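Me: I'd like to go through how the pieces of this protein fit together, one question at a time. Could you take me through the reasoning as well?

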Amino acid sequence: MTQTSTIAIESIRKKVQDKERVSRAEAEWLWQNASDDQLIELASAVRARYHAPDEATYLLMRIINYTNICVAKCDYCSFYRLPRAKDGYVRDKEWVFAKIDELVEVGGDLFGFNGGFNPQLKIDYYTNLFGAIRERYGDKIEFYGMTVVELLYVARLCKLSTPDALALLKEAGVRWITGGGAEILADSFRLRHSPLKYTVKEYMDTQRDILDAGLHTTGTMVIGFDESLDERFDHLETVRNFQDERLNAGKEGLFSFLCWTYKPYNNELGGEEISSQEYLRHLAICRIYLDNIRHLRASVLTQNQAALSGLKYGADDFDIPWEDEVTQMAGAVIEKDVDRVLGYASDAGFKTRYRHVAKDPAAACLARSK
Ligand code: SF4
């Protein structure tokens, strides 16, 4: 290590110890120069502001893919079918109930609804479905009603403002939306791969509307396409600024931040998967840089066993996924042996506890690091 490098790591280490904020330039320097051990040390120090060093939480979760029809045509997507495709589908309530019952039977209680931009599905489809779920299951389960981009699509399709669409969804029993559809929050990236999936501003404005409507939401990111380092850091800076804006105004912010990795199979974009080491290093950078978000989540869905090493790189929470057609069609392999997955966490040195979204209030959204 050169003298300049030593000085840089020492000054960043001191900042982290003093609970001062690391700048974007410093985070970029860490990404390019810090060893894995240094990243682990710094990420663990930020993690310890919020969580006991040897504890982590998890959820058992199923993504319910209610339709695969989508007109957005993102080139990295392996899941969508265009309208009138022979294998396109829209699921009904009974099908959804069966999926919920199956997971409840094995101890899970969280569901995420994820479909596509389906021009046939107006807001009534969602309010009827979510209303029926809330009526049948009450508070026994919790669900992410849809992703940010699906919400925006259906609101525009129905010529509703986002706040008006949110009011209808809330009335039907929706409490959470998830930050899905972010991928990389840089317009250059979105123009290359998903020009119909909204700009960064439209995405962030919708996140703001969700929180202002009194619902909870999360931050997400996907890495491993062809994004540049600048585009990755644009994403992190946008999210950190957004969270500052919310918390500084005394308002609720993003509950958590989840990063997962692109799977390159069966789609137009193709490419190769990034290594788990790259994912883990990125996770550490997320923990160090996003010092204003309480929960950093690791992706078992796309990283399997390696995701549990992510607890050492700053993550404090993870899903054990039961099903997600979107990533499975792109090459994700789901391991349903809960004990084995928890064993990986234990091997990494962490005690785990189930986090019931339905029972644990989301007060943590407001908490800042001390
Ligand atoms: S990633 Fe989502 S929005 Fe894009 S094509 Fe696939 S289903 Fe549609």
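Me: Is the crossing of H7 and H9 left-handed or right-handed?
Reply: Happy to help, and do keep in mind that this is a predicted model. Helix H7 covers residues 162–171 and helix H9 covers residues 200–212, and their axes come within 10 Å. The hand of their crossing is right-handed.

Me: Are H7 and H9 roughly parallel or oblique?
Reply: The axes of the two helices cross at roughly 45 degrees. Angles under 35 degrees count as roughly parallel, and 65 to 115 as roughly perpendicular. H7 is therefore, relative to H9, oblique.

Me: Which residues of H9 meet H7?
Reply: On the H7 side, the contact uses Thr162, Pro163 and Leu166. By class, the contact of H7 with H9 has three nonpolar, two polar and one charged residues. The partners in H9 are Thr206, Asp209 and Ile210.

Me: And how is H5 oriented to H7, roughly parallel or oblique?
Reply: Helix H5 spans residues 123–137, and its axis and that of H7 come within 8 Å. They cross at roughly 25 degrees. Angles under 35 degrees count as roughly parallel, so H5 is, relative to H7, roughly parallel.

Me: How many charged residues are in the contact of H5 with H7?
Reply: From H5 come Ile123, Tyr126, Thr127 and Phe130, which meet Ala165, Leu168 and Leu169 in H7. Six of the residues in this contact are nonpolar and one is polar. The number of charged residues is none.

Me: What span should the 13 residues of H4 have?
Reply: Helix H4 runs over residues 93–105, and the reckoning uses 1.5 Å a residue. The expected span is 1.5 Å times one less than the number of residues. The end C-alpha atoms are 18 Å apart, which agrees with the expected 18 Å.

Me: Which residue just after H4 takes a positive phi?
Reply: Its phi is about 100 degrees. The residue is Gly107.

Me: How many charged residues are in the shell around the ligand?
Reply: Residues surrounding the ligand include Cys70, Cys74, Cys77, Lys73 and Lys197. By class, the shell has seven nonpolar and two polar residues. The charged residues number two.

Note on methods:
Residues numbered from 1 in each chain as written. Predicted model: local features only at pLDDT ≥ 70, side-chain atom pairs only at ≥ 80, totals over all residues. Axes fitted to C-alpha atoms, helices over the stretch in contact; angles between N-to-C directions. Helix = DSSP H or I, 4+ residues; strand = E, 2+ residues; numbered from the N terminus. Parallel < 35°, antiparallel > 145°, perpendicular 65-115°, else oblique. Left-handed = near helix turned anticlockwise from the far one by under 90°. Contact = placed C-beta atoms within 7 Å. Nonpolar A, V, L, I, M, F, W, Y, C, P; charged D, E, K, R; others polar. Near = placed C-beta within 6 Å.
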